[in-house]
Amino acid sequence: MKTFFYFLLFLVLAVVVILLAVLLGDQGAWYFAWLIGTAMIVLVAAAGAALLDTQEEHAAAAQRASTDARADRMA
Amino acid sequence: MHDITVVDLSRLQFAATALYHFLFVPLTLGMSFMLAAMETVYVVTGKSIYKQMAQFWGKLFMINFALGVATGLTMEFQFGTNWSFYSSFVGDIFGAPLAIEGLMAFFMESTFVGLMVFGWERLSKGQHLAVTWLVALGSNLSALWILVANSFMQDPQGAAFNPTTMRMELHSFQQLIFNPDAQSKFVHTSIAGYVTAAIFVAGISAWYMLKKRHVDLAKRSFRMAALFGVLATIGVITLGDALGFVAAHAQPTKLAAMEALWKTEPGPMPFNLIAFPDQSLQQNKGAVRVPYLLSLLVTHSLDGSMAGFDTLQKKAAQRVENGIPAVQALETLSKDPHDAAALAQFKTHEKDLGYGFLVQRYAPELDKVTPQQVQEAAKDSIPPVAAVFWSFRAMVGFGLLMLAFFVMAVLYTLRNKVQDKRWFLIAAAWMIPIPFLANEAGWLVAELGRQPWTVFGVLPTWMSASTHSVGYMAFSLIGFVLLYTVFIAIEMYLMVRSIRQGPQEPGGGGRSEPGPRPQPRPANAAAVSGRYQEG
């Protein structure tokens with residue numbers, strides 16, 4: 001059910017964006033560009049943070065694997 | 001007749017307050033969306049470090065927001081106190097976007113900013129995120145309406161002068177809002193705010209990394225700021241180009257001043273990289289020119305051309321002569337609003353009314369105007385070239401410097417190596433003043449380039465001011481400068497104190513590196529990923 005509501009929410013968002021594009025397309029192209037551009041900038045910045053978390057997890061996992069391998073060799 | 005010293009002092013007072021105010025505004029515009037980005041990551045991932053980030057940067061945002069509001073309020077009063085003729089002349093148009101700004105955007109932003117600050121423990125995650133987004137939207141909508149009003153001054157659209165009421169009246173709200181100058185200027189200014197916030201966050205995060213404090217938080221903040229900043233800087237440069245295109249049609253004198261172009265040349269036109277414009281001789285000294293570049297920048301072609309001041313001044317002289325009958329007709333209509341002959345004369349010369357006003361500074365009685373006075377007025381239509389030329393170069397130079405900085409920042413942070421680049425972290429901290437200087441330079445280009453008009457081509461600056469005494473103006477100017485300097489000092493003190501204090505980390509740690517961790521040596525990857533999960 002939750003997924004369905006998310007689907008509906010994003011559907012409504014998509015309709016709003018298309019409507020805005022149609023309404024602003026002729027006369028307010030830069031306003032529309034600002035809306036889309038701002039959303040994109042925020043999402044790219046957010047994705048960058050998520051990517052850093054993943055990079056750190058991978059680095060920590062690699063370091064642990066190397067430590068374990070060294071411990072195994074010493075044993 | 002206005003005292004020109006009073007007009008100059010009124011201009012200086014508005015410029016001083018606007019420049020002070022514009023130190024705060026861009027940071028608010030950009031920081032609000034950066035907070036929205038940080039909080040979005042917190043809500044999506046549930047990692048508490050992003051909540052700390054949103055709260056810490058939110059605290060700095062609030063300091064800046066409060067002082068931005070305080071410095072902005074007086075500016076709106078100045079329209080009434082120091083620019084009363086301007087307010088009466090264009091109040092019907094200019095007042096509408098300002099009123100909408102106050103009633104819609106500012107109320108929205110101010111209401112939700114309270115919820116954003118005090119709502120962390122009272123609202124659900126989703127509700128608080130919605131509030132943060134609304135603060136960001138509200139603050140940027142606030143800028144939208146201010147810039148719609150400003151764009152009317154740059155390129156008056158959607159209004160006409162009514163000779164019966166002796167003032168300008170709005171006839172198309174749609175044209176006012178969708179004015180090309182308003183669109184490109186809003187996006188340019190708003191995104192310049194994003195760049196300001198990105199440099200601010202990146203610079204402070206770099207300082208934390210240098211000091212080995214709050215490193216995890218600083219790395220994440222830096223990463224977000226670098227990506228936010230690089231895209232925003234590209235946007236600012238794109239919109240700067242668009243704004244130049246708009247100015248080429250709406251304000252050719254501003255564009256000619258930006259390029260110090262005294263004489264019209266056939267394409268391909270060289271670009272004055274460096275020059276020392278001499279306004280009295282109408283020529284440049286020590287010019288260093290780059291072939292083809294001006295045509296490419298201004299017309300997006302290699303052989304395009306644009307008008308120089310020689311052509312523009314001739315056109316202005318013609319418009320002054322054509323505007324004189326319009327002003328004379330108004331004098332008749334002020335005594336008899338139903339005089340059909342005067343009305344017909346006004347309609348014929350209406351489009352050059354402003355140029356008629358321009359010559360009144362030299363010839364209050366227009367039936368005695370001399371050709372020399374017409375030439376003086378035409379010469380007045382040229383803005384202060386050296387100031388516009390160098391402000392423009394400063395703005396562009398700083399913009400390119402910030403682009404280079406962000407490109408490097410993105411490269412280093414994506415490799416997760418930025419914390420090891422000590423020289424780059426030092427440079428990042430020193431970058432903090434750059435966007436503020438670029439913003440101020442941009443404001444000077446926009447507003448000095450508009451001179452000698454308050455409303456371009458319609459209302460000259462010399463007749464827009466109130467009739468105060470020189471003493472009153474000097475006293476209030478000194479008062480404002482002192483007061484606003486105190487505001488800046490307070491902001492700097494509060495900011496530095498909060499930055500030194502640092503973010504609140506779990507377990508009460510505020511100064512340690514990188515803050516207490518629940519599991520210093522996690523046993524598996526899941527534990528690492530859960531390091532910042534809320535308990």
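What radius of gyration does chain B have, and what would a compact globule with 535 residues have? In this predicted model, chain B has 26 Å. A compact globule with 535 residues would have a value near 24 Å, so the two agree. The C-alpha trace of chain B spans about 90 × 50 × 40 Å along its principal axes. Its secondary structure comprises 18 helices and six strands. Of the 535 residues in chain B, 48% are buried. Contacts in chain B were also sorted by sequence separation. Among those with a separation of 6 or more, 75% join residues 24 or more positions apart.

The contact between the chains was examined next. Chain B contributes 27 residues and chain A contributes 21 residues. On the side of chain B that touches chain A, two or more residues come from each of α1 (4-45), α6 (180-210), α7 (215-250) and α18 (525-529) of chain B. Helix α7(B) provides the largest share, 10 residues. By residue class, this side of chain B holds 16 nonpolar, eight polar and three charged residues.

In chain A, helix α2 covers residues 29-74. Its 46 residues should span 68 Å at 1.5 Å a residue. The end C-alpha atoms of α2(A) are 66 Å apart, which agrees with that expectation. Several residues of α2(A) are buried, including the aromatic-named positions Trp30(A), Tyr31(A) and Trp34(A). Gly37(A), Thr38(A), Ile41(A) and Val42(A) are also among the buried residues of α2(A). So are Ala45(A), Ala46(A), Gly48(A), Ala49(A) and Asp53(A). The cover over the buried residues of α2(A) draws on both chains. It includes α1 (2-25) of chain A, together with α1, α6 and α7 of chain B.

The largest nonpolar core has 165 residues. Met34(B), Ala37(B), Met38(B), Trp57(B) and Phe228(B) have the most contacts inside this core. Helix α1(B) gives the most to the core, with 18 residues. At least three core residues come from each of two domains of chain B. These are domain 1 (4-159 + 172-251 + 385-501) and domain 2 (309-380).

Phe228(B) links these themes. Leaving aside residues up to four places away in sequence, Phe228(B) touches Ile41(A) and Ala45(A) in chain A. Both of these partners are buried residues of α2(A). Within chain B, Phe228(B) touches Met34(B), Ala37(B), Tyr194(B) and Ala198(B). Met34(B) and Ala37(B) are, like Phe228(B), among the residues with the most contacts inside the largest nonpolar core.

Notes: Residues numbered from 1 in each chain as written. Chains lettered and ligands numbered in written order. Predicted model: local features only at pLDDT ≥ 70, side-chain atom pairs only at ≥ 80, totals over all residues. Contact = placed C-beta atoms within 7 Å. Helix = DSSP H or I, 4+ residues; strand = E, 2+ residues; numbered from the N terminus. Nonpolar A, V, L, I, M, F, W, Y, C, P; charged D, E, K, R; others polar. Rg over C-alpha atoms; globule rule 2.2 N^0.38 Å. Buried ≥ 20, exposed ≤ 12 C-beta atoms within 10 Å, placed from the backbone. Expected span 1.5 Å × (residues − 1). Core = buried A, V, L, I, M, F, W, Y, C linked by C-beta atoms within 7 Å. Domains from an automatic or database assignment.
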